[in-house]
Every structure is written in C-alpha cells, then in structure tokens.
Amino acid sequence: MRQLKLPSGNTMPVFGLGTWRMGEHPDRFQSEVAVIRRALDLGISLIDTAEMYGEGGAEDVIGEAIRGVRDELFLVSKFYPHNASRSGVIEACERSLQRMNCDYIDLYLLHWPGSIPLTQTFDALHALQESGKISDFGVSNFDLHDLQAIPESDQPLLGCNQVFYNLAHREVEWQVAGWCRQRGLPMMAYSPLDQAGELLRSPVLAEVADRRDATVAQIALAWLLHQPGTVVIPKSAKPERIEQNLGALDIKLSDGDLQDLDTAFPAPEQAVRLGMR
Ligand SMILES: NC(=O)c1ccc[n+]([C@@H]2O[C@H](COP(=O)([O-])OP(=O)(O)OC[C@H]3O[C@@H](n4cnc5c(N)ncnc54)[C@H](OP(=O)(O)O)[C@@H]3O)[C@@H](O)[C@H]2O)c1
C-alpha cells in the first residue's frame, strides 16, 4: 500500500480503518474483534481510534484483535483535551497502551484543541517519544489559528492533523490544507464517507461511479486519495464494505471525473471555519 513519510522519517499507510462507535456494546465485542481481524487480513495496517471511543471500549476491542500482529500495524490513538496536561497525557497514554495490549502507539494525537497550554502537552509528547511509548505525535481538528498557536519548534515535528474532510465538506481547503502541505504535514481525513449521509446519495457521484465501474463510496475515497498528502480512515463494521472501500486504492480518476466532482462539490470560495463532527 502507498505510504506517506512523516517528519520523523517513519512512514504511514494512506488507508486505514476508523473505529468510532466500536467498543460501545459488550455483546458486540467478539464480532468487532472479528471485523478488525478481517480488515487486517484484507491488507489494512492502519487503525484509528481514541480513548473517547466507547470510553476505552474501542481500544479494548483493538487490543484483542491485534494480538500477535501488533508490529505489522500502524496504530493511531487520540487523547481528550482535558487530559492534555503534562501528567494527563502520560497517564492517558499508559491507559491506552494497556487497553491495546501493546508497548507503543505509532501516532498519538490531541483529539481537538482545548484550554490546557500546549507547551505542557508537547512537553509530555516529547517525554513519551523519548521513552518509546509513542513514535510520532500530532493533532486533530486544528484550524489555522490552532496550528499557528502550536509552539514553533514543534510545528515541523507534527505527524498529522486529523480533520473532517470529504467531498461534501471541503472547509479544510480554505487555509488548513495549504498550511499542512507547505510543511509536508499529512492530513488524515476523517468521516471520509460523510458518515454515509447525503454524500453517498449524490447523483453526480453515482454517475462517476458508473463510468468507473465502481461504487459511490469508492469514488468518494478515491477523490480524497487524489488530494496530496491525504490519508483516509473510513469506518465500517461490515467486512464486505471494508473490502469494497479498499478498492478505492486502485481507482485513478480522470480529469473529467475530477472536473465533474469539483463542479458538484466546489471548494470554499470564502473564509470558512474547519468543520468538525
Ligand atoms: N478526530 C475526530 O474528531 C474524528 C471524528 C469523527 C471520526 N473520526 C475517525 O474517523 C473514522 C471514520 O469516520 P466516521 O466513522 O465518522 O465516518 P465514515 O467513515 O465517513 O462513515 C462511516 C459510516 O459509513 C458506513 N459505510 C462504510 N463503508 C460504506 C460503504 N462502502 N457503503 C455505504 N456505507 C458505508 C458505515 O456503516 P457500517 O459500519 O454499517 O458499514 C458507517 O455508518 C472514525 O471511525 C474515527 O476513527 C475522527
């Protein structure tokens, strides 16, 4: 699978599995473990999660699913802004590691901007990196002014900004995408299928999908994968959909496809705040 390079020199796959809404119901634990294992068998090696998902439940599911294969994977997790103090980040990371039965997280993100001074947060992230408990760190839901508020010495070290980004929500393109791309900072597009909402019912998307002999979900993902420095993390609890979504990696959109999608889903033409789910 295609990889992106992080400032640390580590690499990150461009396609991963989201896990929001997993780990919320004990009776679904085994079936969710099975879905993640199936996703790994299908070739997915990046898993995105957060301490917030199922209040640790999603990380518990992942911990069970990745037994014996952890080192083949790229694990992303996120900590709450209220845990962003120096000791809070370290303790949150320890809990996540314990739930996921592993020694390190590949990419550890501040879930959204909060009120704890970022100097404390980054101090803790450096300490975690030095002790080998995380390989890279980054942020999520950071708009331009949030990115600019990151200590200057840390800005070039960020591993990604995970953002709400899909064809129907291109707010990130107003300013954030330019800032990230100038610095070689990958963007990880969350809710890339717009949570299976209106986007997947778009007639234009259906038309392009028809032409490419693909599904609308594949086209939505292929469009994001066409954007420079962008990783996608669609979530599905259905193995057949995970397999289908992976097919997006093999689709090369033509200039005509891109033009049609751009006309139906234009980039913002005036100042707009970064969207969030
Ligand atoms: N950083 C943040 O603040 C933040 C916020 C939101 C999400 N995230 C991360 O991003 C991941 C993905 O975002 P998301 O879960 O919000 O939304 P999403 O991936 O855009 O959409 C997930 C929804 O789409 C359905 N789906 C998946 N593949 C499909 C297909 N081929 N055809 C039709 N429906 C399909 C899924 O249903 P089934 O499961 O039934 O297939 C699910 O309801 C999350 O799981 C999470 O890891 C991060």
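**Exercise 1. The nonpolar core**

Determine which residues of the largest nonpolar core touch the most other members, and which helix gives the most to this core.

*Solution.* In this predicted model, the largest nonpolar core holds 82 residues. Within this set, C93, Y108, M187, A189, I219 and A220 touch the most other members. Helix α8, residues 216-226, then proves to be the element that gives the most to this core, with eight residues.

**Exercise 2. The surroundings of M187**

List the residues in contact with M187, leaving aside its neighbours within four places in sequence.

*Solution.* Two residues counted as in contact have C-beta atoms that lie within 7 Å. Under this cut-off, the partners of M187 include C160, N161, V163, Y165, V172, A177 and C180. G229 and T230 complete the list.

**Exercise 3. The sheet**

State the order of the strands in the open sheet, and explain why one side of β3 and of β10 is left without a neighbour.

*Solution.* The order of the eight strands is β3-β4-β5-β6-β7-β8-β9-β10, with parallel pairing. Strands β3 (16-18) and β10 (230-232) stand at the edges; each has a single partner strand, so one side of each lacks a neighbour in the sheet. From one strand to the next, the twist averages 25°.

As a detail of the pairing, strands β7 (residues 134-140) and β8 (residues 161-164) run parallel and are joined by two bridges. Here S140 stands opposite Q162 of β8.

**Exercise 4. Helices across the sheet**

Identify the strands across which α4 and α8 lie.

*Solution.* Helix α4 (residues 118-130) lies across β6 (105-110) and β7, at about 155° to β7. Helix α8 lies across β9 (187-190) and β10, at about 155° to β10.

Terms used
Residues are numbered from 1 along each chain as its sequence is written. This is a predicted model: local features need pLDDT of at least 70, side-chain atom pairs count only at pLDDT 80 or more; totals for chains, interfaces and linings use all residues. A nonpolar core is a set of buried Ala, Val, Leu, Ile, Met, Phe, Trp, Tyr and Cys residues joined through C-beta atoms within 7 Å. A residue is buried if 20 or more other C-beta atoms lie within 10 Å of its own, exposed if 12 or fewer, and partly exposed in between; C-beta atoms are placed from the backbone. Helices (H or I, at least four residues) and strands (E, at least two) are DSSP runs, numbered from the N terminus. Two strands pair if DSSP finds at least two bridges between them. Axes are lines fitted to C-alpha atoms, for helices over the stretch in contact, and angles run from 0 to 180 degrees between N-to-C directions.
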